[in-house]
Amino acid sequence: MSAGIDLENVVCDFGSFRAVDHVNVSIKPGEFFSFLGPSGCGKTTILRMISGFTEPTQGVVRIGGVDVRGQRPNQRPTALIFQNLALFPLMTVAENIAFGLEVRGIDKAKRRARADELLRLVDLPGAADKYPSQLSGGQKQRVAIARALAVEPAVMLLDEPLSALDLKLRQHMRAELRAIQKRTGVTFIYITHDQGEALAMSDRVGVMSQGRIQQVADPREIYNNPVNGFVASFVGENNIFDGTVVNPAGGMASYETPLGTFRARLGELATGKGVKLFVRPEHTAISLTAAVENAVPVTISEVSFEGSFISVHGVAAGGKTLVAEIRNDGAATVPAIGSAAFMSFDPALGAILPDAETDR
Amino acid sequence: MQDLIRRYGAGLTGLMVLLVAFWLLMLVIIPNITLFESSFRPYLPVVEMGGPRDVYSVNNYMKVFDGSVETTILGMTFMVPVHIRTFFLTIWYSVTVTLACFVLAYPIAFYLAKIANPKSVPTLLLLLFVPLWVSEVLRAFAWWIILALKGPLNSLLLSLSLIDKPVRWITDYDAVLIGLVYTYILFMLFPIYNAISSLDTNQIEAAEDLGASRWRIHWRIVLPHSKPGIASGAVMVFMLSAGSLLVPSILGSTTSQWFTQTIQQWMNDALDWNTASAYAFLLLFLCTAFVSLVMWIFRVKLSDIAK
């Protein structure tokens, strides 16, 4: 019992401010889909348009193929989990979970049975008669999920529900949410500004900026093949080079910069001006000779040991700082601070991309 | 106390404490104790005060049982002491005023707290306050004029053809109720407004998202949350209404009598301050008992109201 969502040319204006700008996305039934973007990018507005609290100015919202414009939130087959969870403080956990059943006129014994069943599903048995104020952050989270699942929604909408939790719990709840989604098969639409969360949990991610969708793809594609500089920078770190494209051929190109000419992959949308070269720190290698391709001579300025990896900063000619991350395999050699070295990257792992957001 | 002395110095702190103590002791506690004491003593000519007949008794309190009148309740006729009848009518109509204030104030409070544009709320609150700048006497008289048989309200309703002959508004307790609701509704509105303002709007949206109708949202979410505000508003409106003298005096009719008017008659017309005191304390104690009972029924604690 899950439904797909289609957003067709959806626009939402608040006065003269355009919060959502011609968004086209199709979310498949049973998919875990994340909208990722900085605050104010319009992702919460999209969620509110799907749940029915906000109506689109233009465009169509379909749930399971049905145009839901004009339907109130209490008529839509969606359940929203709020950022602050919005549990009802004057009701017990069981009453909270059964609230959606209570409004549907289901009798008390059945409601209680269903609440107990859902509490087992979210791994919180025995909390039925407590009040929300007696629960920890993670437990409240589970109650909110159970309360939303109780109405058997076709679509679950989650508005940054993990942002209030501490790091350890957040990572635990990520796996938990993913597991619950797989178990129930309900379509999950997840809103977050945390790229780690989006990449770790989702089947597909839609990266947003300024009301527009920048890229929709699976997490691996988003990270490895970002379509533009905004996506590349939002989902990870980069060494960015400024220069001009020469000799584009077969998806590859040379890129002339003050630090030398590099070979790199040419992004599909990288045409004309305003393109830059993006290389991830973990794709940047350190060597003592210039024997490899795409090498830049640097002076090592900073080495920080992060545990699983070692972050090395090097200053190139002209004062530009490059960052390389070396995996800590137990035998990694780290150059001394102040020593000379070369930083290089594989042409297949450097990408020439449009600098900023692109219209799609 | 230490804090106050450090901040304002010993002299100023001492003065403030003395003034508060004077106000409490001389203007509140002693007058009440004096009245309470005199309520147990008979009303005597000055020369007999302190004489052999000046002894404590509950005779003044028992006077409420004097002089019965015929009263019809639900089609059955009883003989009820006139002052007890007045007392129960006062309680009954004060409850009516309280309920009417709640029914009128709740939607306004909800509108102000959750629906109105936050920018316009200060203006709306100011508009609600403006009538309070006019003296209560003038406002009661204004209603007396508005409700008069040939007054503006009847003229308006006649000109709109909503009625075909003038309505006699100032009859029985009708005008008293209108006047009391008007005078005390803000005491109901503001505590409820404060309570609803503190409700997280996400709770309302969460309930709606889970399928609740508008009525259900109010019944299960907004009303329980605003219960302390409703309780404190109801207590204030009820106590102020039952203790009001001005409105029943100005807007009353020949067939309306408020218990405070009875007290005033003992005091001003009979010049019997002893019985008047006894009646005043009866009103105070019985109203307090009634309020406590209602609070117990609705499971409201005193600490909820004080918040």
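Strand 13 and strand 14 of chain A form a hairpin with two residues between them; helices (H or I, at least four residues) and strands (E, at least two) are DSSP runs, numbered from the N terminus. The model is predicted, and local features need pLDDT of at least 70, side-chain atom pairs count only at pLDDT 80 or more, while totals for chains, interfaces and linings use all residues. Residues are numbered from 1 along each chain as its sequence is written, with chains lettered from A and ligands numbered from 1 in the order in which they are written.

In this hairpin, A:T257 stands opposite A:G260 in strand 14 of chain A. Strand 13 is also part of a hairpin with strand 12 of chain A, again with two residues between the strands, and A:G250 in that turn has a positive phi of about 60°. There, A:A249 has A:M252 of strand 13 as its bridge partner. Strands are taken to pair if DSSP finds at least two bridges between them. Three strand pairs of chain A are listed below.

| Strand pair (chain A) | Bridges | Direction |
|---|---|---|
| Strand 12 (residues 244-249) and strand 13 (residues 252-257) | four bridges | antiparallel |
| Strand 13 and strand 14 (residues 260-266) | six bridges | antiparallel |
| Strand 7 (residues 155-159) and strand 8 (residues 187-192) | five bridges | parallel |

Between strands 7 and 8, A:L158 stands opposite A:Y190. Both strands belong to an open sheet of six strands in chain A, with the order 6-7-8-3-9-10 and mixed pairing. Strand 6 (78-81) and strand 10 of chain A each have a single partner strand and stand at the edges, so one side of each is left without a neighbour in the sheet. On average, neighbouring strands of this sheet are turned by 20° against each other, direction ignored; the axes are lines fitted to C-alpha atoms, for helices over the stretch in contact, and angles run from 0 to 180 degrees between N-to-C directions.

The domain assignment, which comes from an automatic or database source, divides chain A into domain 1 (5-229) and domain 2 (230-354). The C-alpha centres of these two domains lie 38 Å apart. Their contact takes twelve residues from domain 1 and 14 residues from domain 2 of chain A, where contact means that C-beta atoms, placed from the backbone, lie within 7 Å. On the domain 1 side, the elements that give two or more residues are helix 6 (195-201), strand 9 (204-209), strand 10 (212-217) and helix 7 (219-224) of chain A.

The largest nonpolar core has 153 residues, and those with the most contacts inside it include A:L157, A:I189 and B:M188. Such a core is a set of buried Ala, Val, Leu, Ile, Met, Phe, Trp, Tyr and Cys residues joined through C-beta atoms within 7 Å, and a residue is buried if 20 or more other C-beta atoms lie within 10 Å of its own, exposed if 12 or fewer, and partly exposed in between. Helix 7 (residues 174-197) of chain B gives the most to this core, with 18 residues. Leaving aside neighbours within four places in sequence, A:L157 is in contact with residues including A:L47, A:I81 and A:I189. A second, separate core of ten residues includes A:I286, A:A324, A:A341 and A:M343.

Between the chains, 16 residues of chain B are in contact with 16 residues of chain A. Helix 8 of chain B gives the most to the chain B side, with seven residues.

Key: Two residues are in contact if their C-beta atoms, placed from the backbone, lie within 7 Å.
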